[in-house]
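Student: Could you go through this structure with me and tell me how each label is earned?

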Amino acid sequence: MTGDGQSQARPRFEFRRNTWILAAGFLALLCAVNYFLQDNFFEPGVMVSNLTTFTPLILIAIGQTYVILASDIDLSVGAIVSLVNVVTVSIMHHLGGDALAVAAGIGAGVATGLAAGAANGLCVAALRFQPIITTFATGTVFAGLALWILPDAGTVQAPEPVWRTYSASFVGVPFVIWSLGVVALGCWLYSRSRPYLTLMAVGGNIRAAFGSGLPVMRTRIAGYVICGLFCSLGALALTGETATGDPLIGIAFTLSSISAVVLGGTALSGGVGGVLGSVLGAILLGLISNVIFFAGTPFEYQNLIQGVIVLVALAGGVFVSRGGAR
Amino acid sequence: MSAARERTRSGPRWYRHSLVLTLAIIVVLFAAGETLSPGFAAPGQVIYLLVTASLLGFVAAGQNLVILGGREGIDLSVGGMISLGALIAGNVMDASNAAILPALLATLAGTFALGAVNGLGVTFLRIPPLVMTLGMYGVIQGLLIVITRGVPSGRAAPMLSAFVNEPLVLGIPGILFAWAAFAAFVIWMLRSTAFGLRIYAIGANENAAALSGVAIRRTRVLLFALSGMCAGLTGFLVLGFSGNVFIGVGDQYMLPSIIAVVIGGTSLAGGIGGHHGTVAGAIVLVLLQSILTTLNIDPSGRAMIFGGTLLLLMFFYGRQQRLRV
């Protein structure tokens, strides 16, 4: 009992590199149950519609993954999402809603996400503040900024081309699939790069990484900046879906993104896991509520059952990221 | 063990230093409040502030224990526990003075048990506390809806409301005496009892503690159970404070309870710190929020200033060690 999760040297290293497997198995099971309850579950239209609903969380969870892989955590993602949403929608609205305004809005939104991530990274890695408290504090600031920019939800709408494009298809493939494809390609390329290896090294053992001369500070900042980028992408997806500005739109994403990451088998202690698991984890979270809904669960029991399933699944995710049996 | 005793008795220098700093900040905040809005530091207002701080203080005490116990100890389920505690208490007493004691016992037992589940998950299934308590928070949220069916229920007994809100002796409400006694008890327990020393021992170095014969699992399960119980007690008092219950009543206490512990000088790494700092931390947080409310700043500005001030406080206390080869 004294060894605990600290001893990292294990023979089952291959398994630890594929921590998403449990999430994939669980997902297959859940898809089967969902199909049993909802006949048209596997029809393309329904699947795309489900995926569209899950896309914001998928993107945000990917961002959270990179921070957690570097053994940090970001409790400000929800606030960043809200902030990017109101910045984007406000700019589009005030510039008149033509193509240029839309581009400016998207550009400003992404820049906001990057800046917010950089602020987090500087506080945590450069000033050496404790990550949990710091990102809670910066999250409070971001949430305040969002409220300041747009005090009331629904007063500003995104121009029509935004949500039309978001729900459109190109060459027979929905826009959402294209976007996720581009993101997947980006993540794959990143996962084969030297900075990613450094990120994993820093998360795995920060002292050893520092001792090997790796740029620890820069790497941790990069983790937060990437997270900010993905939060802005998630916020843009959310904007495409809801077509409105809402200063509180992102609140729930903070905790659900962490749940998705852990469900996907990524260890909170850093250095073990990957974005594939988090994507599966995000889809899992969405499907769990789907299944509970289609199973005809009485309304008041839905949250409790969801809570219990998520807790059990979280425990399973942790179990896997630790490399199976004790 | 003697190292832990040493640490709790005198504390490392930076820790004593930060307690002084916290006290100085309290005085400065009161002075600033009085300057900005005359009457801020009037006796009645100070007592009201302290009552608000006491609610945070009770839940922060449990959080304090869990964090001191180390191994990334943290309890994110306290928000749900407070709501649940308030709900149990409100329904058992249902505005009847005679039912206050049963209500208190039911609240404490229920939240102690749920907290113990947190502890069992953390120690036996080895789930990180952040994840376990976050999951538990989700479960409790669901439980609250099942119990209430979405409709708030339960009312505070008049005696409980009076205990929290009305002067008992010298214009001071009973809850403040209770808080003082409770805080003194926790400080004494941490410094002078075997259980308190065990908490520091497992927080500072779990392996060494286990080799020295400390039952680390039992101790840690107990810490989480006590944290749940402290949150339940807070819920009981929050019921008295506000008179009725709504489902999310406890959520606002979750992160402040952690922040109060941290700005009170307890290290999130575990094993270092104490409870007197947490008491001061709770007062600082409530003061800060109150000043921002008094200044009539709109909610967005209040959030920005609150977050900014936290960052500033982090600059003084929350800095982690520089990496060295």
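Tutor: Sure, we'll take the labels one by one and hold each value against its definition.

Tutor: This is a predicted model, where local features need pLDDT of at least 70, side-chain atom pairs count only at pLDDT 80 or more, and totals for chains, interfaces and linings use all residues. Residues are numbered from 1 along each chain as its sequence is written, chains are lettered from A and ligands numbered from 1 in the order in which they are written, and side-chain values use heavy atoms, with hydrogens and water left out.

Student: Why is A:Val312 called exposed?

Tutor: Buried means under 20% relative accessible area, exposed over 50%, and partly exposed in between, using a 1.4 Å probe and protein chains only. A:Val312 has 56% relative accessibility, so it counts as exposed. You'll find A:Val312 in helix α14 (residues 299-321) of chain A. Helices here are DSSP runs of H or I with at least four residues, numbered from the N terminus.

Student: What makes A:Thr244 buried?

Tutor: Its relative accessibility is 16%, so A:Thr244 counts as buried. A:Thr244 sits in the loop between α11 (216-242) and α12 of chain A. Leaving out residues up to four places away in sequence, A:Thr244 touches A:Asn85, A:Val89, A:Gly154, A:Val156, A:Gln157, A:Ala158 and A:Thr239; contact means heavy atoms within 4.5 Å.

Student: How do you know that the span of helix α4 of chain B agrees with what is expected?

Tutor: The expected span is 1.5 Å times one less than the number of residues. For the 16 residues of α4(B) (residues 78-93) that should give 22 Å, and the end C-alpha atoms are 22 Å apart, so the two agree.

Student: And why is α4(B) called largely enclosed?

Tutor: Because 13 of its 16 residues are buried, α4(B) is largely enclosed by the rest of the structure.

Student: What is unusual about phi in B:Arg71?

Tutor: Most residues other than glycine have a negative phi. B:Arg71 is not a glycine, yet its phi is positive, about 50 degrees. B:Arg71 lies in the loop between α3 (43-68) and α4 of chain B, and B:Glu72 is found in that loop between α3 and α4 too. Phi of B:Glu72 is also positive, near 55 degrees.

Student: Are B:Arg71 and B:Glu72 buried, partly exposed or exposed?

Tutor: B:Arg71 has a relative accessible area of 25%, so it is partly exposed. B:Glu72 has 55%, so that one is exposed.

Student: What makes A:Asp72 and A:Arg220 a salt bridge?

Tutor: A salt bridge is a side-chain nitrogen of Lys or Arg within 4 Å of a carboxyl oxygen of Asp or Glu. The closest N and O atoms of A:Asp72 and A:Arg220 are 2.8 Å apart, which meets the rule. A:Asp72 lies in the loop between α3 (44-69) and α4 (77-94) of chain A and A:Arg220 in helix α11, so the pair ties together parts 148 residues apart in sequence. A:Asp72, with a relative accessible area of 4%, is buried, and A:Arg220, at 11%, is buried as well.

Student: Which residues in chain B are linked in a network of salt bridges?

Tutor: B:Arg71, B:Glu206 and B:Arg220 are. In the pair B:Arg220 and B:Glu206, the closest N and O atoms are 2.4 Å apart, and both residues are buried.

Student: How many salt bridges are there between chain A and chain B?

Tutor: Zero, although the count over all chains is five.

Student: So how do you know that chain A and chain B touch?

Tutor: By contacts: 48 residues of chain A are in contact with 49 residues of chain B. The area buried between chain A and chain B is about 4600 Å², with carbon and sulfur atoms giving 73%. Buried area is the accessible area (1.4 Å probe) that two parts lose on being put together, summed over both.

Student: Which helix gives the largest share of the side of chain A that touches chain B?

Tutor: That's α6(A), with 13 residues. The residues of that side divide into 30 nonpolar, twelve polar and six charged. Ala, Val, Leu, Ile, Met, Phe, Trp, Tyr, Cys and Pro count as nonpolar, Asp, Glu, Lys and Arg as charged, and the others, Gly among them, as polar.

Terms used
Helix = DSSP H or I, 4+ residues; strand = E, 2+ residues; numbered from the N terminus.
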